[in-house]
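Trainee: I would like to learn how to read a structure one feature at a time. Could we start with sheets and work outward from there?

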Amino acid sequence: MYLGDLAQQHPDKPAYIMAASGELVTYRQLNDRSCQGSQLFRSLGLQTGDHIAILMENNARFLEICTAAARSGLFYTAISSRLTVAEAAYIVNDCGARLFIGSKAKAELAEDMLKQMPAVEHKLMVDGTVPNYQSYEIFRDRMVKQPVDDEACGVDMLYSSGTTGQPKGVKIPLPDIAVGEESSALVMLVKGLYGFSGETVYLSPAPLYHAAPLRYNMANLLFGGTSVIMEDFDAQQALQLIESYKITHSQWVPTMFIKMLKLPESLRLQYDVSSLQVAIHAAAPCPVEVKQKMIDWWGPVIHEYYAGSEGNGFCAIDSAEWLSHRGSVGRALVGVIHICDDHGNEVAVGESGTIFFADGPTFEYHNDADKTQSSRHPRGWTTLGDIGRLDEDGFLYLTDRKAFMIISGGVNIYPQEAENRIIMHPAVADVAVFGVPNSEFGEEVKAVVEPAQWDCAGSELEQELIAHQPEIISL
């Protein structure tokens, strides 16, 4: 629905609430401020098809700025606030941003970037300023609270993780629809598959610069729902928010499930989570044991999907389907799946290979024709570089990303499988598994573990973990 209409119908309804600070932004405020933001963009000379870059923590201006860009026909690139100066500046320069918006909380990073983004014409900052940056709020508040005359749909242009070389922007064409129209594939999926509506209260625990949190929050605003946005994830606080706000919908990554499950049982079970209708997870394969425990705890409200920022395909699975296809990420709802070997030939059902989608939406990697071409199959299918297999019912099972694969003594080893086993050990808070050079085998497997209790770190824990998984762990 058009934001201006929502503001008229429900002016005082919360559009979103910041969980820690409690700052509440109503639909009237969001409409007024995003209109002013779009007027500001035009006053700076930004026109439909131009780019802006946003680098900040989760705060109350984040979605406001994205909404202003989305009704100004702009590409908006949200950048991780955890990147180094060089990494962040690379993305700003590569996306061709004419405007950069930072935050006072990340002022040191913003200041260090000044000399590394010479082509950026305008630099603004929210929640205060530092030299060479001007106040976003002061400039915004000088503008009229009216939509720009040439309102047009903008879209995010987010960057890949950069596991092989520099990250690349995923550029999707600007939607040829009216602002506020509910016709994008994601919006229709969110509405039809997960039941988002004006009654939705959506808990968003992850950084807004990631694709899923940003896009699902933006979709929720189209439906007139309310988002509760965590500034930073905390397992116990997340449960408190579900209870206090009667959260109906939420979205997670498996690490968050693990952190909640590792809370003392007496603590985590004291919170009422019965309001949850849909709890979505994605972004990484979820260990089977973790998923089973979440279904046992929260009930059959757990939904999973497999997709990427590229939007070339979409698989989904609910709790009932997962219980009969344990470990699967679902069947394709957008695109047709083909599993291929390294030569591009389709493999038999049950065999692993590179996952390709046919007949899905198109995309390209900004300023990288070679990477765009490498994502294409000779028959025009596209891949995210993930490895998986299909069962006889058409359910997809993920193995890992091809770029993460370790080859040791000619054997393919997927780090995700090892991580899934190690993470469930009670002494482990987090783990990363990767390959390192080995003179005899080419590569060997290493695990870096964050212990649940740092005073337990040492050789005893090392040996305990090796004994726990002797066939796959080398510490």
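Mentor: This is a predicted model. To read a sheet, start with strand order and pairing direction. Here six strands form an open sheet in the order E7-E6-E5-E3-E4-E8, with parallel pairing.

Trainee: Which strands stand at the edges of that sheet?

Mentor: Strand E7 (134-135) and strand E8 (155-156) do. Each has a single partner strand, so one side of each is left without a neighbour in the sheet.

Trainee: How many bridges join E5 to E6?

Mentor: Five bridges join strand E5 (residues 99-103) to strand E6 (residues 122-126), and the two run parallel. As a reference point for the register, Ser 103 stands opposite Val 126 in E6.

Trainee: Which strands does helix H4 touch?

Mentor: Helix H4 (residues 85-95) packs on the sheet and touches strand E3 (51-55), strand E4 (75-79) and E5. The direction of H4 makes about 175 degrees with that of E4.

Trainee: Where is Ser 81 found?

Mentor: Ser 81 is in the loop between E4 and H4. A loop residue need not be assumed exposed; read its accessibility. Ser 81 has 11% relative accessibility and therefore counts as buried, the cut-off being under 20%. Apart from neighbours within four places in sequence, Ser 81 is in contact with Leu 55, Met 56, Glu 57, Lys 106, Leu 109 and Tyr 209.

Trainee: Now a loop residue for contrast. Is Val 349 buried or exposed?

Mentor: Val 349 counts as exposed because its relative accessibility is 57%, and the cut-off is over 50%. Val 349 is found in the loop between strand E17 (336-340) and strand E18 (353-358). Leaving aside neighbours within four places in sequence, the contacts of Val 349 are Leu 390, Asp 391 and Glu 392. With Leu 390, the C-alpha to C-alpha distance is 5.7 Å in space, while the two residues are 41 apart in sequence.

Trainee: Back to sheets. In what order do the nine strands of the other open sheet run?

Mentor: The order is E2-E1-E11-E10-E12-E13-E14-E15-E16, and the pairing is mixed. Strand E2 (24-26) and strand E16 (331-334) are at the edges; each has a single partner strand, so one side of each is left without a neighbour in the sheet. From one strand to the next, the twist averages 25 degrees.

Trainee: Which way do E14 and E15 run?

Mentor: Strand E14 (residues 302-306) and strand E15 (residues 314-317) run antiparallel, joined by three bridges. Tyr 306 has Cys 315 in E15 as its bridge partner. A helix packs on this sheet as well: H9 touches strand E1 (14-18), strand E10 (201-204), strand E11 (226-229) and E12. The direction of H9 makes about 170 degrees with that of E10.

Trainee: Why is helix H10 described as largely enclosed by the rest of the structure?

Mentor: For a helix, count its buried residues, then look for what covers them. Six of the eight residues of helix H10 (residues 254-261) are buried, so H10 is largely enclosed by the rest of the structure. The buried residues are Pro 254, Met 256, Phe 257, Ile 258, Met 260 and Leu 261. Their cover includes helix H9 (235-245), strand E12 (249-252), helix H11 (265-268), strand E13 (278-281) and helix H12 (288-298).

Trainee: How many disulfides does a search of the whole structure find?

Mentor: Zero. Check the sulfur distances for individual cysteines. The closest cysteine sulfur to that of Cys 286 is in Cys 315, at 16 Å, which is too far for a bond. For Cys 340 the closest is again in Cys 315, at 14 Å, also too far for a bond. Cys 286 counts as buried at 13% relative accessibility, and Cys 340 is buried with a relative accessible area of 0%.

Trainee: What radius of gyration does the protein chain have?

Mentor: The protein chain has 23 Å, which agrees with the value near 23 Å for a compact globule with 475 residues. The C-alpha trace spans about 65 × 55 × 45 Å along its principal axes. Buried residues make up 54% of the 475 residues. The chain exposes about 20,400 Å², of which carbon and sulfur atoms supply 50%.

How values were computed: Residues numbered from 1 in each chain as written. Predicted model: local features only at pLDDT ≥ 70, side-chain atom pairs only at ≥ 80, totals over all residues. Heavy atoms only, no water. Helix = DSSP H or I, 4+ residues; strand = E, 2+ residues; numbered from the N terminus. Buried < 20%, exposed > 50% of the residue type's maximum accessible area, 1.4 Å probe, protein only. Contact = heavy atoms within 4.5 Å. Pairing = 2+ DSSP bridges. Axes fitted to C-alpha atoms, helices over the stretch in contact; angles between N-to-C directions. Rg over C-alpha atoms; globule rule 2.2 N^0.38 Å. Areas by Shrake-Rupley, 256 points an atom, 1.4 Å probe, with all protein chains shown as cover. Disulfide = S-S within 2.5 Å.
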